[in-house]
Amino acid sequence: MPTIVHAVIGYFLLLVIVRVLARRPGSQMTLFEFVLVFLMGGIIILSTVGNDRSVTNCTCAVIAVGLLHRAIAWAKSRSRRIGAILDGTPLTIIRRGEWQQEVIRGMKLRPEDLEAAARSANVTRVEDIGYAILERNGRISVFPKEDA
Amino acid sequence: MPEHAFMSPIEDSVPKVGEVAVGEDLNFQRRWWKFERAIWLFFLLILAADVLGLFGRGWLAKAQRTDAAQTVTLDYERIERASTPSIMTFHFEPAAIRNGRIELYVSEDLIKPLGAQRISPEPRESSMGDDGITYTFPATRTPAIAEIQLQPSFPGLHHFRVQVIGGQPIDATVFVVP
């Protein structure tokens, strides 16, 4: 029983921490993020299983986290609000060629992130971007200006 | 949301930005940024409290008590962490030694909820009774020190009593954090 409680607490704690760490524009995981994932996961596992490292205990912990994850996925599918809280919403970085300074500051965007996204969309100049959207997974979708 | 999302008629319900259907909710995002600032402040406060010892193992957690008869001074942690070892130290004064020995009573609360694991030095004798255990140590002169290793199992507030036979009891409370 304590293991399941610890697993549930650990799951929500990690969920909050990872969520408030904010989306990293560019979406791809760097070494910087790998350090976080492994270190946090390793620390949480210590308190989750404690001294009981039996197969039974670890199996129960894994099942508890799996069920919890499924329940949350179900809740997200039922409620747009829960989805927004857990995953965020897309954000417009460039609207009709205009930079949205509030979003850029809030999401700590760098020009390099947008330039990389523009290149991926075969847009050679940032000035040619009509719309740029920061997606929930951190990817930046770029739509060129119609006259570009 | 419709009962069967993929069976409902196709309609553009996603909020648009210009002519692009984005699904942006800037008001929600503004509230989220405020929440983020608040939660990081909260995390900083947690770390500060941890450094100070509010969650055990720090300056605020350390406590010291001396009985009224000046037979023993007890060093312990008033805030412990569950499943984490700690040491409770007894500094015996000359008045604690009677007939070449020190008799130390510890209540049952110290044994079970606070998880007394090991006592050092090894007592010559242990006897049960009065809801606790009385340890007898051979002793001739001070300074004399005994240590009990604790490892609390359960979070919560735990009261305990220790007493050198011939002295006054020390009643103390330990809060065990999860």
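1. At 43% relative accessibility, A:S47 counts as partly exposed, since the partly exposed class runs between the 20% and 50% limits. This serine belongs to helix 2 of chain A, which spans residues 31-49. Its C-alpha atom is separated by 6.8 Å from that of A:H6, although the two residues are 41 apart along the chain. These values, like those below, come from a predicted model.

2. A:S47 also appears in the description of the largest pocket, which holds about 1,800 Å³ of space. The lining comprises 37 residues, and those closest to the pocket centre are A:L13, A:I43, A:I44, A:S47 and B:P178. Three elements give two or more residues to this lining: helix 1 (2-20) and helix 2 of chain A, together with helix 1 (26-52) of chain B. Helix 2 of chain A gives the most, with 10 residues. By class, the lining divides into 24 nonpolar, 10 polar and three charged residues.

3. Enclosed space should be considered separately from the pocket. The structure holds two cavities of 30 Å³ or more. The second largest has a volume of about 30 Å³, and its lining is formed by B:A96, B:R98, B:R101, B:I102, B:E103 and B:I165. Three of these lining residues are nonpolar and three are charged, with no polar residue present.

4. Which residues form one aromatic cluster with B:F90 and B:F92? The other members are B:Y135 and B:F137. Over all chains, the structure holds nine aromatic pairs. In one of them, the rings of B:F90 and B:F92 have centres 6.3 Å apart and planes at 10°, so the pair is stacked; the limit for stacking is an angle under 30 degrees. B:F90 is buried, with a relative accessible area of 0%, and B:F92 is likewise buried, at 4%.

5. B:F92 takes part in a further pair, with B:F137. Here the ring centres lie 6.4 Å apart and the planes meet at 45°, so this pair is tilted. B:F92 lies in strand 6 (residues 86-92) of chain B and B:F137 in strand 10 (residues 132-138) of chain B, so the pair ties together parts that are 45 residues apart in sequence. Both B:F92 and B:F137 are buried.

6. A contact between the chains also involves an aromatic ring. A:R19 lies over the face of B:W32, at 3.9 Å from the ring centre.

7. Both ends of helix 4 of chain A merit inspection. At the start of this helix (residues 80-87), a side-chain oxygen of A:S79 reaches to within 3.3 Å of the backbone nitrogen of A:R81. The helix is followed by A:G88, whose phi is positive, near 80°.

8. Several backbone features in the loops of chain B should be checked. The peptide bond from B:S120 to B:P121 is cis, with omega near 0°; B:P121 lies in the loop between strand 8 (116-120) and strand 9 (125-129) of chain B. B:Q70 is not a glycine, yet has a positive phi of about 60°. This glutamine is found in the loop between strand 3 (62-66) and strand 4 (72-77) of chain B.

9. Is B:D130 buried or exposed? At 70% relative accessibility, B:D130 counts as exposed, because the exposed class begins over 50%. This aspartate lies in the loop between strand 9 and strand 10 of chain B. B:D130 has a positive phi of about 55°, although it is not a glycine.

Terms used: Residues numbered from 1 in each chain as written. Chains lettered and ligands numbered in written order. Heavy atoms only, no water. Phe/Tyr/Trp six-rings, centres within 6.5 Å; stacked < 30°, edge-to-face > 60°. Buried < 20%, exposed > 50% of the residue type's maximum accessible area, 1.4 Å probe, protein only. Helix = DSSP H or I, 4+ residues; strand = E, 2+ residues; numbered from the N terminus. Lys NZ or Arg CZ within 6 Å of the ring centre and 35° of its normal. 1 Å grid on protein atoms, 1.4 Å probe; cavity = no way out; pocket = protein on both sides within 12 Å on 5 of 7 lines; lining within 4 Å. Points joined across faces, edges and corners; volume = space filled by probe spheres on them. Nonpolar A, V, L, I, M, F, W, Y, C, P; charged D, E, K, R; others polar. Polar contact = N/O pair within 3.5 Å; in protein donor to acceptor, adjacent residues only side chain to side chain.
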